[in-house]
Amino acid sequence: MSESNNIQQNYDVLIIGSGAAGLSLALKLADHTRIAILSKFTVSEGSTAYAQGGISAVLDAQDSLESHIADTLDAGAGLCDPEIVKLTVTHGKESIEWLKNQGVAFTEEQSSSGERQFHLNREGGHSHRRIVHTADATGKAVSESLVSRAKQHPNITIFEHHNVIDLITTPKCGQAPDRVIGAYVLDVKAGKVKSIAARIFALATGGASKVYLYSTNPQIATGDGIALAWRAGCRIGNMEFMQFHPTCLYHPLGRSFLISEAVRGEGGKLILPDGTRFMARFDKREELAPRDIVARAIDHEIKKRGIDCVYLDISHKSSSFILEHFPNIYETCLKLGIDITKQPIPVVPAAHYTCGGIVTDQNARTDISNLYAVGEVAFTGLHGANRMASNSLLECLVFAEQASRDILKKLAATPAVVAIPEWDESKVGDSDEEVVVSHNWNELRNFMWDYVGIVRTDKRLSRAMRRIELLKSEITEYYSHFRVTSDLLELRNLVIVAELIIRCAQQRKESRGLHYTLDYPEADNTKPAVNTLLTPDNLLPRN
């Protein structure tokens, strides 16, 4: 048998993920109970730290909750849950105040009456200025403040370089009712697998954009939480709606650096290599159209003209304005030889945000009673068929609050786990063919980009599914014979996520929001729009 592992039973809540959602949830719970946070790499290496734009909230007297709700519903193309949108938008102001109390220093300006107030940006899809931000590095400021607070709290224990292999559920142990009782976790630094128990579990692992060849996300965005929940028995919804950010820096050394939505919000113009603007041909809102429209327009121009990229030009603004509003973008581009005060920025679309995910209710509860999902990993109903800019960090904060209230209500009645099965690796060995993992990773991301990208067809989706089946069998065989590594775990999860994206896309016989297919180029308005829900038992939709 395998060497005995220490089962850690001294945590009430185990949170998997250390971005804005996971850290906010931990901080909201920590005064009342003991928390463990698992981070796949360092605690600050997540999508939150890379978010440039900001957080949407109604703070301007000229703005209104009704306007924010209407804008969100419009961007969501008929698939937002109106009650969830209302809930989220209503809690915007208090979420910003909570972050401010955690030490986040938002950019301010002086009002006409001489008072200090938040400087508000405007981004695509928004009819008013309502984006609270910290220059052009809001996510970094949020991440640093929350990480600092979490590290200081005596009831929060953070485990870095810990990658979850699987959730342990009662059915796997011959028990009922269905709940999660533990997790198998790879301690990457030690090369050991732990079995960790808790009363309550929360998935806050972010999205799955690394399933695509080009992405604005960090390397960790491999859909881990979605795959974990799927294998545990949770429904997954609307995975066909993968958002491609329109403006990712096109440069061999740029490492998929994101050019913020706020650049267009502050007057940036999209142009062709000859300087001609083109967005007016696609939408009357031009550069301020929702992201799906802008991304498809850029994709169309690149493919039609056989060019490598288009350009985003903000150089008509003064240098002082650009340096004040976009210091991070300016410095990054300048290091690559691009002075954005004098020349346009080469940009292409890249996978950016997962609008679907684990099906949850308004309290972040999944289909399993003691399992929660918060942030990008969850399908709450807020984003519908297309996330509106800067609603994502707001969603993290609001549903961390919703989840924390629900968890505190049920925690006392949730029994502690006496024992969970140990991880058994007695029948596996060390891999001598790790090239299989890297090769399959590259193959997966390439055909997902080619066949399941911004523009799709039934034939492309079928081709992708055939390749998925082959990869699944290879990865299953590999997983069964060799000790787990972090790369193997990510690949195993990515293949599941890719299959879920393809299956959802195959079932939607229309174009809506982020899902655009040449076979059905129009939205089907003959009936109410429905979500695409998949169940693990039979892979059939349940609407």
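The exercises below, each with a worked solution, concern a predicted model.

**Exercise 1. Burial and contacts of Asn-440**

Task: Determine where Asn-440 is placed, whether Asn-440 is buried or exposed, and which residues beyond its sequence neighbours Asn-440 is in contact with.

Solution: Begin with the secondary structure, where Asn-440 falls within helix α13, which covers residues 435-451. Next take the relative accessibility, which is 2% for Asn-440; because the cut-off for buried is under 20%, Asn-440 counts as buried. Then set aside the neighbours within four places in sequence, after which the contacts of Asn-440 are Leu-471, Glu-474, Ile-475 and Leu-491. Finally, consider one of these partners by its backbone: Leu-471 lies 31 residues from Asn-440 along the chain, and the C-alpha atoms of the two are separated by 7.0 Å.

**Exercise 2. The covering of helix α1**

Task: Work out how many residues of helix α1 (residues 20-29) are buried.

Solution: Go through the helix residue by residue, and the buried positions prove to be Ala-20, Ala-21, Gly-22, Leu-23, Ser-24, Leu-25, Ala-26, Leu-27, Lys-28 and Leu-29. The count is therefore 10 of 10 residues, and the helix is described as mostly covered.

**Exercise 3. Classifying aromatic pairs**

Task: Of the 9 aromatic pairs that the structure holds, classify Tyr-11 with Phe-159 and Tyr-478 with Phe-482.

Solution: For the pair of Tyr-11 and Phe-159, the ring centres are 6.1 Å apart and the planes stand at 90°, so this pair is edge-to-face, given that the cut-off for that class is over 60 degrees. This pair links distant parts of the chain, since Tyr-11 belongs to the segment before β1 (13-16) while Phe-159 belongs to strand β8 (residues 156-159), 148 residues away. Tyr-11 is buried with a relative accessible area of 10%, and Phe-159 is buried with one of 15%.

For the pair of Tyr-478 and Phe-482, the centres are 4.8 Å apart and the planes make an angle of 55°, so the pair is tilted. Tyr-478 and Phe-482 are both buried.

**Exercise 4. A cluster and two charges over rings**

Task: State which residues form one aromatic cluster with Trp-449, and over which rings the charged ends of Arg-387 and Arg-492 sit.

Solution: The cluster consists of Tyr-212, Tyr-214, Phe-244 and Trp-449. Turning to the arginines, the charged end of Arg-387 sits over the ring of Tyr-353, at 4.2 Å from the ring centre, whereas that of Arg-492 sits over the ring of Tyr-479, at 4.0 Å from its centre.

Terms used
Residues are numbered from 1 along each chain as its sequence is written. This is a predicted model: local features need pLDDT of at least 70, side-chain atom pairs count only at pLDDT 80 or more; totals for chains, interfaces and linings use all residues. Side-chain values use heavy atoms; hydrogens and water are left out. Helices (H or I, at least four residues) and strands (E, at least two) are DSSP runs, numbered from the N terminus. Buried means under 20% relative accessible area, exposed over 50%, partly exposed in between (1.4 Å probe, protein chains only). Contact means heavy atoms within 4.5 Å. Rings of Phe, Tyr and Trp (its six-membered ring) pair if their centres lie within 6.5 Å; planes under 30 degrees apart count as stacked, over 60 as edge-to-face and the rest as tilted. A charge sits over a ring if NZ of Lys or CZ of Arg is within 6 Å of the ring centre and within 35 degrees of the ring normal.
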